[in-house]
Amino acid sequence: MSADDVARVFAIEDKVERLKAATDGVAAAQQTINELTRIRRAVIRELHAEGWTFARIGAAAGLSRARIHQVSTQGPAPEGLFFGHGTLTVLVPEVRAGRVIGAPDPAAPHRLVELLRELGFTASIEHFLPGRPVDLNRDGVIVLGGPELSPSLRQLLAADPRLRRAVARAGDARRGIEDRAARRVYRPGGPDPHDIAYLARLPRPDGRGTVLMIDGMHPPGSLGAIRLLATRLATLHERAGTHLFSVLVACRFDRATGEPLEAELLTPVYRHDPEMRVPAPGSRR
């Protein structure tokens, strides 16, 4: 919030409206502080990993060595940059009755939003109608669901050069995902209850940003992917950064409750283009 914005709030005559405006301004300012603190921590970490001492970093930033060391450990975790920056929207299908193929576990969007808020983001849930197009050309979109839910999601998934949906084998109707280069198909099942989830950062249809996609082959898989994000986010950020990527997640779950017991990376984190980074909002690649 700029000085002009503060002046406008101060000039509001109605006390209740002034209170509301000031409260909204504080929330917006805190979000900005969270974002900048995260970026600062990430840059300090990167420079330190490149061999810079805290003293040298402090001299470059105009801060003391002690202050640099202090701020490098305070505030939102740097690995939160995996999700980007700004306000985040979790898109989920509206399921009114029964089971919809490709839909996540009902608890998945709430757990994901909780994780995002713990990381310092402002996040909300937005529903879309299955079978209809979905507006993906927005900043900060995370989709929970599979390509069966919308032609827009099928188009999104088609941009993945490494992983793609596998055609069902004769006598086996299980959904699966093919690793094209490895010539291997991964399918859920086996002696222990387990599922597979697809996790990827893919280009938006308009080419001006990206969309994060989480798709469990069955409902427990979506919970497993979120568990992995909660427990292995630093690893994912180290390997994927802000690049386009895709990876499969293996999830072992409780048969009675569907709750994930373990979640691990099933494949390497495949970067689609080592030189391609997430464009800044409003920019073109």
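## Strand 8 and the packing of helices 5 and 7

In this predicted model, strand 7 and strand 8 form a hairpin with 6 residues between them, and Gly 207, which lies in the turn, has a positive phi of about 70°. The two strands of this hairpin, strand 7 (residues 194-203) and strand 8, pair in the antiparallel sense over 7 bridges. Strand 8 is also joined to strand 3 (residues 141-144), here by 3 bridges and with the strands running parallel. The table gives the pairings of strand 8 together with a residue pair from each.

| Partner of strand 8 | Sense | Bridges | Residue pair |
|---|---|---|---|
| Strand 7 | antiparallel | 7 bridges | Arg 201 with Leu 212 |
| Strand 3 | parallel | 3 bridges | Val 143 opposite Met 213 |

Thr 210, Leu 212, Ile 214 and Gly 216 point one way from strand 8, whereas Val 211, Met 213 and Asp 215 point the other way, and all of these residues are buried. Because 7 of the 7 residues of strand 8 (residues 210-216) are buried, the strand is largely enclosed by the rest of the structure.

A helix pair completes this account. Helix 5 (residues 108-118) packs with helix 7 (residues 219-231) at an angle of about 10°, and their axes are 9 Å apart. Angles under 35 degrees count as roughly parallel, and helix 5 and helix 7 are therefore roughly parallel to each other. From helix 5, Ala 108, Arg 111, Leu 112 and Leu 115 meet Ser 222, Leu 223, Ile 226, Leu 229 and Ala 230 of helix 7. By class, this contact of helix 5 with helix 7 has 7 nonpolar residues, 1 polar residue and 1 charged residue.

Technical notes
Residues are numbered from 1 along each chain as its sequence is written. This is a predicted model: local features need pLDDT of at least 70, side-chain atom pairs count only at pLDDT 80 or more; totals for chains, interfaces and linings use all residues. Side-chain values use heavy atoms; hydrogens and water are left out. Axes are lines fitted to C-alpha atoms, for helices over the stretch in contact, and angles run from 0 to 180 degrees between N-to-C directions. Helices (H or I, at least four residues) and strands (E, at least two) are DSSP runs, numbered from the N terminus. Angles under 35 degrees count as roughly parallel, over 145 as roughly antiparallel, 65 to 115 as roughly perpendicular and the rest as oblique. Contact means heavy atoms within 4.5 Å. Ala, Val, Leu, Ile, Met, Phe, Trp, Tyr, Cys and Pro count as nonpolar, Asp, Glu, Lys and Arg as charged, and the others, Gly among them, as polar. Buried means under 20% relative accessible area, exposed over 50%, partly exposed in between (1.4 Å probe, protein chains only). Two strands pair if DSSP finds at least two bridges between them.
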